[in-house]
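I opened this model to look up one strand and one helix, and I note here what I found for each.

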2 protein chains.
Amino acid sequence: MDRKQFRDLADPEVARETIASLDLAPESETVPLREARGRVLAGRVDADLDVPGFDRASVDGYALRAADTFGADEADPVAFRLVGEVHAGSEPDVEVGAGECAEISTGAVLPPGADAVVMVERTDPGDADEVLVRTSLAPGDRVMFAGADIAAGERALGPGTVVTAREVGLLSAIGVDEVPVRGVPTVGIVSTGDELVRPGDPLDSDTGQIYDVNSYTTATAVEEAGGEAKLYPHAGDDYDAMESALRTAAEECDLVLSSGSTSASAVDVIYRVVEETGELLLHGVAVKPGKPMLVGELAGSAYIGLPGYPVSALTIFRAFVAPAIRRAAGRPEPETATIEGRMAVRERYSEGRHRYMPAGLVTDGDGETLVYPVDKGSGATTSLVEADGIVSVPPDVEYLDSGESVEVALFSGDVRPPTLFGAGEDDPALSRLLDRVDRPRYLAVGSRQGRRRLRDGVTDVAVTTGDAAPGGVEFGGWTREWGLVVPAGNPAGVEGLPDLVDDDLRFINRTTDSGLRSTFDEAIEGLADERGDERRDLTDAIDGFELAVRAHESPARKVLAGEADAGLGLRATAETLGMGFVPCGTERVTVVADPERVEKPGVRRLRAAIDDGGTVFEELAGYRG
Amino acid sequence: MDRKQFRDLADPEVARETIASLDLAPESETVPLREARGRVLAGRVDADLDVPGFDRASVDGYALRAADTFGADEADPVAFRLVGEVHAGSEPDVEVGAGECAEISTGAVLPPGADAVVMVERTDPGDADEVLVRTSLAPGDRVMFAGADIAAGERALGPGTVVTAREVGLLSAIGVDEVPVRGVPTVGIVSTGDELVRPGDPLDSDTGQIYDVNSYTTATAVEEAGGEAKLYPHAGDDYDAMESALRTAAEECDLVLSSGSTSASAVDVIYRVVEETGELLLHGVAVKPGKPMLVGELAGSAYIGLPGYPVSALTIFRAFVAPAIRRAAGRPEPETATIEGRMAVRERYSEGRHRYMPAGLVTDGDGETLVYPVDKGSGATTSLVEADGIVSVPPDVEYLDSGESVEVALFSGDVRPPTLFGAGEDDPALSRLLDRVDRPRYLAVGSRQGRRRLRDGVTDVAVTTGDAAPGGVEFGGWTREWGLVVPAGNPAGVEGLPDLVDDDLRFINRTTDSGLRSTFDEAIEGLADERGDERRDLTDAIDGFELAVRAHESPARKVLAGEADAGLGLRATAETLGMGFVPCGTERVTVVADPERVEKPGVRRLRAAIDDGGTVFEELAGYRG
């Protein structure tokens, strides 16, 4: 096979058509009605009997001959002789003659001779066996005739109908207890790559192992699209194992998906198996993310190779694969849930490829929707949950301007903007407080970034140490004790910051975005002043001053792993991890809101959570609300 | 217990609050990640490790020291000595010194000594073991640092998050293979009423038996709301069986639902069990449909009694019970899918109760949404599928005017107006042609009603015999052979219409809405003319002339059941049911469209199906396209 033919990336539309040409549809099957929910009817279902199956009373009352009520009204009731009674679920043992009536309950069979029913509310008891009827009736009044709901031979439901509660109702009514449904396409998922480990199994980071994100994610997305996912044992980069997994999956499934191993060897195996058993139809699509997509036939089954990065894999799956699975399952395309919004920031882009830009949503103070790009770069899995949908950007668009109106295709119809969108300091108390807010979104990007995003009008709140975010309304805060986290028992006998400078300690710092880092820098500055030294002399003397990590527990965890002797951190972290702590001070964490968004429900909820946050602050060592 | 306290119907809001006061929430549980789709997180999930777990190359290229690239550009590349290679999933066995580089693949561990990666595209092979770098780098370029995606101790997902593919992705990335989720509320469904038979079991219509619609429908609706449905064996109206079913269900479930048996005895048992083991909190709600709702506590479980009619039961379930199940399951209320439309017709209503009016949707020629009431009266199950949603009408509204704007709460976000809405003749060829249209809706109400609804601007097409619907555009049709359907072999030797008049034959007619009936009436008229008789003399002589049934197969089926000797019907029906047929003529069936809706996709699709309908007409005896 000549790979060069695929050097030109395919147009997204061509990719869609190529995938549409694959046959993934399994055979139809018959399932019990009780298990038919969400399935799609494979054929028309006609009624096989009349519903109701008999002329039925629609109310509680008396069955009689309508002609006998002629002239009856409130002032001048007509007396009927009561000759019996009929209950629902029993055969009438009475016949109604002229001037006679039979008591009848809702749903009961109309007795022979009767042609109408009078509601009990329009009657009065008369003498002895008499009933007084105070209204005139026409034949058929308060009677549902046999077959009036649906009659034998009538069309009940057509092919392609998705079975929900109401279809189950109609099918129950016509006595159907099993239905012909479209088969569920089986999708085999083959995971490749030596570096991948299934979640739950132990991970060796030293050798570059990472958890396999795409297998479970793709399996879940397959199920969401109406397919059945089948996971095959992880094949690593072993030629034979991978080939065997691909062939088995192709035999057992309607569609085989793999997600790109980064190793050239995996691609080679896929090429070879496709070459030997099928045909490669397409290699590479002009979209971002997702360029390296493969489409082909594999041992009689359809095959699609997804990109390796999780966001790319899921984006390509949603754009190209899910529609094919839905089509094979006979499921209608979901109403495309889209939302209009204005870009919160300017986003530049120019690579000449169609871009599926992951985007987050936030509502401003007026309830208007703002849209911001979520692009955390190659392989970030957190952007999976930080984005709400996709903005489709054609190849010739060079930038989206701030304020420009864009359309976001939501990941599902259930997606809504978060009630609270915040960014700033990574803080364990805040994490607990957010548990009390319904659907919050918080980006722990540090105080500096938190201030910037609030200023840009993207976020509702910023959580910062030090200077409050300019232009924000402060509505709460707390203090936290910071210092050096050391191994349990403080084996090196660290007493404070001077030891970092003077002793031979391996230190782990936080990145400069962090508010805690700023507090630490100020303390070092103070120490320098005290000693009459240059700040630079002190920082140079600290082994690891430049070794900065992003999150609040990270330095402590490196100490725990034996990679350092002391880490910048919080007393709460030391306590949580069962480590030693050398206190250096307390700092205030402040929550400020965009003044125009203080009334957003999520913002108010966070404020209430802080005001009422007693137990949160009590449970965390070194905290004060 | 004094039932009188419940004589006043409760306000719907009070009913909602009463139900909200019941505790249906089960305990939380832990499920494997692979089974967590659609579940709701019971607690926060923090990352337990750094993702990535190591400093990782983001591209294929060379790991090196950024400082060594100072000044490199396209014109003036800097040469590095290649000292080894690192692949994804393996531990680096090389250290990068000054002026050195190591080949690295995407996702591989950055080797010790290196602090940046240059993309292979920005390099050239140099002499021997040399690599020429054509760009300057900063430390960290093309490197994703350990924990940059998410770091140990960081908040990953909050409580209340619904697990979809993207959450599965993030949880996989942090190696979580089981998650704490909210329990699924178990809902026991007790069916009462002697007349009810489970679908699939044989039905005795003579005794007024009907299929149990509410059990499977409610079970499906429970599942749609996120509960687990448990069906209890049908208890009939037997006191002990019903009491035992209710008590068992209460013990095993978080909520027990029954749907109203029409018999007073069933209500009595429910009252008694509630009285002995719990408390009745509410009886009767001022809504239509659905007045007879019960709310209470039963042997420590919550209890709600639904009305008996399927449409009422499902409407009440959706309005009152589903929100309680979702709350117990921790599921967010779905975005209320609503659609604005204009009333297609005037609808009067005045009963002083809040009305949930089932409504159907249709788009007019301009794509505007029209709304029409679907009210087929007590107990019709077909209205379950003929309505698309509910218009909520406050008690003080006396009518909705034609053209008035109303809001329809759709049964689900997936509901869309049908692509084709037709009404008219019940015809087996049409039924097959509709199979070729995506999401059609057709009401087999007969030619007369079909004409009327087209004239009212409700439907897109009418299917009629005889005179075409006035104002419509005819776009197709076919002929069908009609006559008398008789038992196989025609034992009575029926030869034609005169035999109905002259012989002692029991006949079954069609209702006057039917076009076939009009054709039959004309033939009788002709026969009377021929004989010089009055039409009335002939019809009086036909035994069963007034015995009219609604659907096209119904007369034949009555003959088949031995209830008559001849029925008005089609040759196609006789053939389908294996019966005898006495031809009387052919009639033309015409499809006409609203001139403003001929371009609707469904209308065009039906037209194409008729034009291309060869096999449909060939397969049906007596048809010609």
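**Strand and helix entries**

I began with strand β13 of chain A (residues 186–191), where 6 of the 6 residues are buried, so the strand is largely enclosed by the rest of the structure; buried means under 20% relative accessible area, with a 1.4 Å probe and protein chains only. Strands here are DSSP runs of E of at least two residues and helices are runs of H or I of at least four, numbered from the N terminus. The model is predicted, so I kept in mind that local features need pLDDT of at least 70, that side-chain atom pairs count only at pLDDT 80 or more, and that totals for chains, interfaces and linings use all residues. Residues are numbered from 1 along each chain as its sequence is written, chains are lettered from A and ligands numbered from 1 in the order in which they are written, and side-chain values use heavy atoms, leaving out hydrogens and water.

I then checked the two faces of β13(A): A:T186, A:G188 and A:V190 are buried on one side, and A:V187, A:I189 and A:S191 on the other. In a regular strand the side chains alternate between the two faces of the sheet.

For pairing (at least two DSSP bridges between two strands), I found β13(A) joined in parallel to β16(A), residues 228–231, by 4 bridges, and to β17(A), residues 255–259, also in parallel, by 5 bridges. A:V187 stands opposite A:A229 in β16(A) and has A:L255 as its bridge partner in β17(A).

Last, I looked at helix α9 of chain A (residues 447–455), in which A:S447, A:Q449, A:G450 and A:L454 are buried. After α9(A) comes A:G457, with a positive phi near 80°.

Notes: Buried means under 20% relative accessible area, exposed over 50%, partly exposed in between (1.4 Å probe, protein chains only).
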